[in-house]
Amino acid sequence: MDDCIFCAIASGETKADIVFDGRDTVFFRDIHPKAKVHIVGIPKQHLTSLDAMTAADQALVGKLLHDAAHVAEEAGVTATGYRVITNVGGDAGQEVQHLHFHILGGERLGPLNVR
Ligand code: AMP
Ligand code: ZN
């Protein structure tokens with residue numbers, strides 16, 4: 001999709017600190033990390049958010065989460081624990097309109113704040 005920063009990372013047009021590059025998914029370090037380990041995982045195919053997901057995308061999104069667990073293992077946070085989150089839309093503060101899961105860990109995380 002034009003003007004999508006994560007599509008540009010998926011295609012290699014924009015550089016990122018990539019930690020896993022699969023056939024259908026790519027994972028890279030967040031440019032503004034909110035934890036010692038902060039990795040973003042995306043499908044290479046453009047999907048705006050979880051809200052845009054259809055039944056046809058179930059295998060892809062399942063793969064993305066399965067790859068996230070693998071990437072967390074590689075990042076060394078499996079034993080200590082980590083959090084996977086996705087923001088959908090305005091109230092969640094979604095900044096990039098391409099589905100992504102944040103992997104956060106490497107230190108004790110705060111509570112899941114609602115405000
Ligand atoms: P969200 O608020 O869930 O849409 O999160 C978007 C995330 O993408 C933020 O944590 C940004 O720091 C991160 N981000 C935006 N542009 C880039 C980029 N070029 N490389 C790595 N991370 C990025
Ligand atoms: Zn995109």
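This report describes the strands, aromatic pairs, ligand surroundings and selected residues of a predicted model.

## Strand pairing

Strand E1 covers residues 18-21 and pairs with E2 in the antiparallel sense, over three bridges. The connection between E1 and E2 is a hairpin of three residues. Within this pairing, Asp21 has Val26 of E2 as its bridge partner.

E2 also runs antiparallel to E3, and five bridges join these two strands. Here Val26 stands opposite Ile42 of E3. Val26 is thus named in both pairings, as the partner of Asp21 and as the residue opposite Ile42.

E3 in turn is joined to E5 by five bridges, again with the strands running antiparallel. In this pairing Val37 stands opposite Gly105 of E5.

The cover over E3 is described by its residues: seven of its seven residues are buried. Burial applies to both faces of the strand, with Val37, Ile39, Gly41 and Pro43 on one side and His38, Val40 and Ile42 on the other.

## Pro43 in strand E3

Pro43 belongs to strand E3, which spans residues 37-43. Its relative accessibility is 1%, so Pro43 counts as buried. Once neighbours within four places in sequence are set aside, Pro43 is in contact with Asp24, Thr25, Leu60, Leu64, His98 and Leu99. Pro43 can also be placed relative to Phe27: the two residues are 16 residues apart along the chain, and their C-alpha atoms are separated by 8.9 Å.

## Aromatic pairs

How many aromatic pairs does a search of the whole structure find? The search finds two. Phe6 and Phe28 form an edge-to-face pair, with 5.2 Å from centre to centre and 70° between the planes. Phe6 lies in helix H1 (residues 5-11) and Phe28 in strand E2 (residues 25-29), so this pair ties together parts that are 22 residues apart in sequence. Both partners are covered: Phe6 is buried at 9% relative accessibility, and Phe28 is buried with a relative accessible area of 4%.

Phe20 and Phe27 also form a pair; their ring centres are 5.9 Å apart and their planes stand at 75°, which means that the arrangement is edge-to-face. The cut-off for that class is an angle of over 60 degrees between the planes. The two partners fall into separate classes of exposure, since Phe20 is partly exposed at a relative accessible area of 22%, whereas Phe27 is buried at 0%.

## Surroundings of ligand 1

Around ligand 1 there are 16 residues, of which Asp30, Asn87, Glu95, His100 and His102 come nearest. For three of these residues, the table gives the distance from a protein atom to an oxygen atom of the ligand.

| Residue | Protein atom | Distance to an oxygen atom of ligand 1 |
|---|---|---|
| Asp30 | polar side-chain atom | 2.6 Å |
| Glu95 | backbone N or O atom | 2.7 Å |
| His100 | polar side-chain atom | 2.7 Å |

Taken alone, ligand 1 exposes 510 Å², and the protein buries 88% of that area.

## His102 in strand E5

His102, named among the residues that come nearest to ligand 1, is placed in strand E5 (residues 101-105). With a relative accessibility of 12%, His102 counts as buried. Its side chain makes a polar contact of 2.8 Å with the side chain of His38; His38 is itself one of the buried residues of E3.

Which residues does His102 touch, not counting those up to four places away in sequence? They are Asp30, His38, Ile39, Val40, Arg83, Val84, Ile85 and Asn87. Among them, Asp30 and Asn87 are also listed with the residues that come nearest to ligand 1, while His38, Ile39 and Val40 are buried residues of E3.

## Asp3 before helix H1

Asp3 lies in the segment before H1. Its phi angle is near 60°, a positive value in a residue other than glycine. Is Asp3 buried or exposed? At 83% relative accessibility, Asp3 counts as exposed, because the cut-off for that class is over 50%.

Conventions: Residues numbered from 1 in each chain as written. Chains lettered and ligands numbered in written order. Predicted model: local features only at pLDDT ≥ 70, side-chain atom pairs only at ≥ 80, totals over all residues. Heavy atoms only, no water. Phe/Tyr/Trp six-rings, centres within 6.5 Å; stacked < 30°, edge-to-face > 60°. Helix = DSSP H or I, 4+ residues; strand = E, 2+ residues; numbered from the N terminus. Buried < 20%, exposed > 50% of the residue type's maximum accessible area, 1.4 Å probe, protein only. Contact = heavy atoms within 4.5 Å. Near = heavy atom within 4 Å. Polar contact = N/O pair within 3.5 Å; in protein donor to acceptor, adjacent residues only side chain to side chain. Areas by Shrake-Rupley, 256 points an atom, 1.4 Å probe, with all protein chains shown as cover. Pairing = 2+ DSSP bridges.
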